[in-house]
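Here are some worked exercises to try with the model open beside you. Have a go at each task before reading its solution.

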There are 2 protein chains.
Amino acid sequence: MKSKVGLIDLIARYIIRQKGKKIRPLLVLLSAKLSGGINERSYRGAVLVELLHTATLIHDDVVDNADKRRNFWSINKVFKNKVSVLMGDYLLARGLMLAVENEDFDFLKVITKAVKRMSEGELLQIQKTRKLDINEETYFQVISDKTASLIETCCLIGALSATENKEYQDALKAYGHNLGMSFQIRDDILDYEGQSFLLGKPIGGDIKEKKITLPLIYSLNKVDKKESDLIRSKIKNNNNKATVKEIIEFVRRNNGIEYAYQVSLMFAEKAKNSLSIFNDSEVKSALEKLVDFVTERKN
Amino acid sequence: MKSKVGLIDLIARYIIRQKGKKIRPLLVLLSAKLSGGINERSYRGAVLVELLHTATLIHDDVVDNADKRRNFWSINKVFKNKVSVLMGDYLLARGLMLAVENEDFDFLKVITKAVKRMSEGELLQIQKTRKLDINEETYFQVISDKTASLIETCCLIGALSATENKEYQDALKAYGHNLGMSFQIRDDILDYEGQSFLLGKPIGGDIKEKKITLPLIYSLNKVDKKESDLIRSKIKNNNNKATVKEIIEFVRRNNGIEYAYQVSLMFAEKAKNSLSIFNDSEVKSALEKLVDFVTERKN
């Protein structure tokens with residue numbers, strides 16, 4: 001990752017210090033292992049998805065005006081939006097170049113589609129956010145595109161590197177999709193009930209950003225129009241700590257968190273079932289445990 | 001370009017209304033025509049570079065906090081930074097998908113390298129801007145990466161679509177590089193002597209952004225250390241209209257614009273010479289005239 005530009009190396013070192021969960025490269029390798037075996041291409045796929053994911057996190061933090069990421073200051077906080085946008089582009093290009101140079105054209109096909117879906121999902125969320133009119137169907141569309149698309153792609157890339165068996169590829173892709181859905185719903189729940197010191201960022205961030213996620217969608221649908229209009233106008237007009245606390249209380253009172261948790265469990269179950277065509281093995285069991293980890297995680 | 005996300009279509013229509021010079025797709029087609037003939041792949045290449053260029057313009061305007069682009073409000077001004085970053089990512093992905101789906105893998109090789117160089121060039125410029133210590137050598141490195149790389153790539157893509165003759169490809173690549181250098185130097189000159197109603201943005205923008213370009217580099221080198229330190233400290237500490245005017249005066253007095261113009265002519269000459277291996281033709285003459293247009297343009 002060495003670059004002739006000093007600033008790029010500086011930011012790269014800063015990013016590496018942050019140490020994420022590395023779930024995406026892990027998924028590439030486990031998927032490869034389950035469907036045929038890890039090889040050179042699997043490792044390249046793992047690097048590709050982590051570079052791409054890092055690029056999108058940096059752009060996301062610009063998009064969300066986030067100050068913190070993994071308990072460190074975000075890149076946009078330290079180096080400003082300008083540098084963040086460019087560093088994201090740079091990492092994306094580096095990832096794609098890795099695939100291009102090694103002629104991993106099948107990876108490119110799936111990864112560019114994922115990049116498109118990720119930006120589409122975020123833009124759809126913003127569009128709906130402005131009107132505060134998101135329903136469950138649109139919410140699932142948003143999280144499928146913005147989050148599950150990349151996780152699905154990780155599993156597919158692992159499979160592509162290891163096997164030509166289309167059924168195996170499809171099964172792992174379905175596993176990734178369902179895991180990704182569960183992952184994002186969990187993420188959205190954590191914004192309501194997480195502990196900020198574990199998350200590395202404050203809770204209630206989505207409410208401040210006027211992002212309406214599953215726990216709130218469910219709660220808004222449950223109450224009468226008068227109450228839901230009131231809550232919507234509060235979200236629209238205020239974003240101080242008291243309002244955020246009030247919205248969290250409203251969601252808790254209406255079992256929005258419990259409902260979202262049940263939906264995440266449903267996707268978790270689907271993810272596990274997607275693996276049914278594979279024989280039992282240590283790797284399969286690891287992928288199953290990963291589903292539980294993702295659905296139960298505290299950060 | 002239709003998308004299922006309404007916001008994307010809205011922004012796409014806004015972009016299309018702006019009507020740029022379309023120099024980059026033009027270069028793809030002229031290069032193809034000169035080196036063998038335009039075909040389906042040439043058209044795809046032209047679309048690819050225009051999508052990519054549009055994506056980078058949108059990110060650039062975020063990076064530069066620009067309010068105006070082509071006499072219209074910039075995307076970041078109308079739709080905010082969030083949406084701009086994502087729309088840039090979306091257009092980049094759409095462009096890459098076009099190449100991937102049609103298996104134009106040679107295009108992908110050169111285009112991903114260009115994206116990497118463009119972000120590297122911008123980041124190098126920012127790094128140097130912070131210290132105000134850029135010299136001519138670094139300036140040439142910056143503009144080669146941030147601007148010439150894509151123009152060079154347009155010509156190369158045109159050639160790749162039309163011929164397998166390596167000499168033709170190299171000649172058009174060299175033409176594009178030199179044209180791009182001349183193009184950016186002209187751009188930097190226009191920031192000092194252009195007319196804002198033609199440019200579609202105010203002059204002196206680079207000075208406000210503390211970007212030190214060729215006219216200023218030359219002028220700073222020409223005067224004694226005392227004067228250059230004074231000018232540097234003014235750039236550093238002030239960015240009001242009076243300071244900008246003073247810096248422009250300083251550069252004019254020291255023939256910085258005239259010097260930069262001579263350098264741009266040198267690159268223009270090199271660009272024309274790069275075409276010497278081709279027989280004279282209407283297309284070759286068009287490419288030569290494009291060099292003059294770029295070097296003399298008022299916007």
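**Exercise 1. The interface**

How many residues of chain A are in contact with residues of chain B?

*Solution.* A word on the ground rules: this is a predicted model, in which local features need pLDDT of at least 70, side-chain atom pairs count only at pLDDT 80 or more, and totals for chains, interfaces and linings use all residues. Residues are numbered from 1 along each chain as its sequence is written, while chains are lettered from A and ligands numbered from 1 in the order in which they are written.

Step 1. Count contacts, meaning pairs of residues whose C-beta atoms, placed from the backbone, lie within 7 Å. On this count, 35 residues of chain A meet 35 residues of chain B.

Step 2. Assign them to elements; helices (H or I, at least four residues) and strands (E, at least two) are DSSP runs, numbered from the N terminus. Two or more residues each come from H1 (6-18), H3 (40-63), H4 (75-101) and H5 (105-131) of chain A. H5(A) gives the most, with 14 residues.

Step 3. Sort by class: the side of chain A that touches chain B has 20 nonpolar, 7 polar and 8 charged residues. Here Ala, Val, Leu, Ile, Met, Phe, Trp, Tyr, Cys and Pro count as nonpolar, Asp, Glu, Lys and Arg as charged, and the others, Gly among them, as polar.

**Exercise 2. A residue of the core**

Which residues is B:Leu123 in contact with, leaving aside its neighbours within four places in sequence?

*Solution.* Step 1. The contacts are A:Val5, A:Leu7, A:Ile8, A:Val83, A:Leu86, A:Met87 and A:Tyr90.

Step 2. Now look at the largest nonpolar core, a set of buried Ala, Val, Leu, Ile, Met, Phe, Trp, Tyr and Cys residues joined through C-beta atoms within 7 Å. A residue is buried if 20 or more other C-beta atoms lie within 10 Å of its own, exposed if 12 or fewer, and partly exposed in between, with C-beta atoms placed from the backbone. This core has 178 residues, and A:Met87, A:Leu123, B:Met87 and B:Leu123 touch the most other members.

**Exercise 3. A bent helix**

Where does H4(A) bend?

*Solution.* Step 1. Compare spans: the end C-alpha atoms of this helix of 27 residues are only 28 Å apart, short of the 39 Å that a straight helix would reach at 1.5 Å a residue. The expected span is 1.5 Å times one less than the number of residues.

Step 2. Find the bend, the angle between axes fitted to the seven residues ending at a residue and the seven starting there. H4(A) turns by about 100° at A:Asn81.

Step 3. Check its surroundings: 21 of the 27 residues of H4(A) are buried, so the helix is largely enclosed by the rest of the structure.

**Exercise 4. Positive phi**

Is A:Glu103 buried or exposed?

*Solution.* Step 1. Locate A:Glu103 in the loop between H4 and H5 of chain A. Its phi is near 55°, a positive value in a residue other than glycine.

Step 2. Count its neighbours: A:Glu103 is exposed, with 12 other C-beta atoms within 10 Å.

Step 3. Try A:Lys22, in the loop between H1 and H2 (23-35) of chain A. A:Lys22 is not a glycine either, yet has a positive phi of about 60°. A:Lys22 is exposed, with 12 other C-beta atoms within 10 Å.

Notes:
Two residues are in contact if their C-beta atoms, placed from the backbone, lie within 7 Å.
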